[in-house]
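This report looks at two topics, a metal site and a strand with its neighbours.

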Amino acid sequence: MKYTTSEKEILSLVTTYNGISRKQLSEISDLSQASITKITKKLIDEQFIMEGERISNGLGRKEVLLYSNPQKFTFLGIDIGGYLVRFALANNSMEILHQEEFFMAELDDYKNKGEALLERLVLFLGNTQILPSNIDAIGIGVTGLVDKEQKTILNIPNRKGWDDIQIIDTFKQTFSCPIFLDEGGRMMAIAEKTLGKAKETRDFISVQIGFGIVSGIMINDQLLRGSSNVSSLLGHITADENAGRCLCGNYGCLENIITFPMLEIEYKKRKGQYASIVEAYESNDKIAIEICIDTGRALGIALSNVVNLFNPSAIYIGGPIFDALPLLFEETKRTIILRANRFATLTLSLEENSFGQQQGIIGALTFAKINFISRL
Ligand SMILES: [Zn+2]
């Protein structure tokens with residue numbers, strides 16, 4: 001059965017605001033209350049959504065809240081980072097049912113990365129009650145370059161051997177459901193937009209820093225892709241040309257300065273005495289603090305440029321670096337306020353992202369569902 005644009009819009013809104021009244025749906029969608037009544041009846045009859053509890057609307061009347069029916073669909077998310085790979089299965093309410101992660105290095109010895117990844121995935125599914133044929137859509141996020149057709153991983157800059165991986169074709173051997181591929185930073189922006197803090201934000205940037213740097217830029221509710229799908233490659237903009245050669249082949253990329261391994265290298269270079277920069281920071285070590293200030297400033301300068309170019313109303317930033325080294329985050333914020341145009345920073349909020357380490361995998365799951373709905 002084909003669904004209308006309005007029906008799909010209501011399905012998306014119920015996904016986003018899981019627990020929403022018909023009146024609120026009408027206000028947000030601009031559809032009349034009569035249309036909403038008709039559409040929601042159809043979606044309830046077909047078990048896409050369901051009625052939950054009644055809440056008071058403040059005027060003595062009670063309104064019923066609508067939810068996604070968790071049983072209706074099952075989605076699979078795959079988050080391929082430079083360091084970790086995550087698999088997760090979620091129900092139609094975007095609740096994670098099963099999840100697993102492993103080191104990307106475990107796939108280093110395999111020549112055919114796509115096949116190796118698929119083998120791991122089949123093992124993961126084998127440990128659940130869910131068969132490949134039970135999955136309704138798959139979302140794959142990758143910390144790297146994806147071709148314009150969104151079928152092939154062109155390159156993962158900080159991992160060797162991940163060039164020209166025709167991942168969709170490989171996965172089609174096992175799965176008959178639709179499979180959607182995109183860059184990981186964009187997935188994180190989608191997670192923020194659909195389920196996180198950016199539900200009502202049209203212009204924002206999502207940034208994640210761990211063992212690599214990814215970002216997603218959403219302008220006027222549209223993800224920025226660029227002419228060859230390379231846009232938002234924040235980790236590989238030049239931040240200090242003296243900072244050495246990056247794994248991508250360029251010199252002085254932001255990733256050469258501010259990922260976890262790079263911070264450790266810098267700590268050793270400056271002759272720090274502690275075993276790790278995190279341990280040193282926790283003991284108020286002077287070198288660790290200086291590195292946080294220097295690298296926070298470098299990131300702040302990079303983001304100031306982004307703020308001036310795109311004028312977002314929010315930057316959602318996350319990753320283990322900020323949890324472990326909060327001063328770095330403070331210095332980043334301070335630099336942005338200092339460097340970016342004051343008319344742009346006036347309306348800018350800089351916040352931690354909604355899902356922390358889970359941002360990428362929740363993004364991949366959400367991406368699967370959103371694309372799935374759009375094709376209904
Ligand atoms: Zn680079």
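Four donors count as tetrahedral if all angles between them lie between 85 and 135 degrees. In this predicted model, the four donor atoms of the zinc ion make angles of 106 to 121°, so the site is tetrahedral by that criterion. The protein donors, His236 through ND1 and Cys246, Cys248 and Cys253 each through SG, lie 1.9 to 2.4 Å from the zinc ion, and along the chain they follow the spacing H-x9-C-x1-C-x4-C. Because histidine 236 and cysteine 253 both lie in the loop between strand S13 (222-223) and helix H7 (255-258), the pair ties together parts that are 17 residues apart in sequence. Histidine 236 and cysteine 253 are also both buried.

The second topic is strand S7 (residues 137-142), which is largely enclosed by the rest of the structure, because six of its six residues are buried. In a regular strand the side chains alternate between the two faces of the sheet. In S7 both faces are covered, with Ala137, Gly139 and Gly141 buried on one side and Ile138, Ile140 and Val142 buried on the other.

Strand S7 runs parallel to S4 and also parallel to S10, and the table sets out these two pairings, with one residue pair for each.

| Strand paired with S7 | Bridges | Residue pair |
|---|---|---|
| S4 (residues 74-80) | six bridges, parallel | isoleucine 80 opposite valine 142 in S7 |
| S10 (residues 179-183) | five bridges, parallel | isoleucine 179 in S10 with isoleucine 138 |

Isoleucine 138 and valine 142, which appear in these pairs, belong to the side of S7 that also holds Ile140.

Notes:
Residues numbered from 1 in each chain as written. Predicted model: local features only at pLDDT ≥ 70, side-chain atom pairs only at ≥ 80, totals over all residues. Heavy atoms only, no water. Buried < 20%, exposed > 50% of the residue type's maximum accessible area, 1.4 Å probe, protein only. Helix = DSSP H or I, 4+ residues; strand = E, 2+ residues; numbered from the N terminus. Pairing = 2+ DSSP bridges. Donors = N, O, S within 2.8 Å, 3.2 Å for Na, K, Ca; no water. Tetrahedral: all angles 85-135°; square planar, octahedral: opposite > 155°, others 65-115°.
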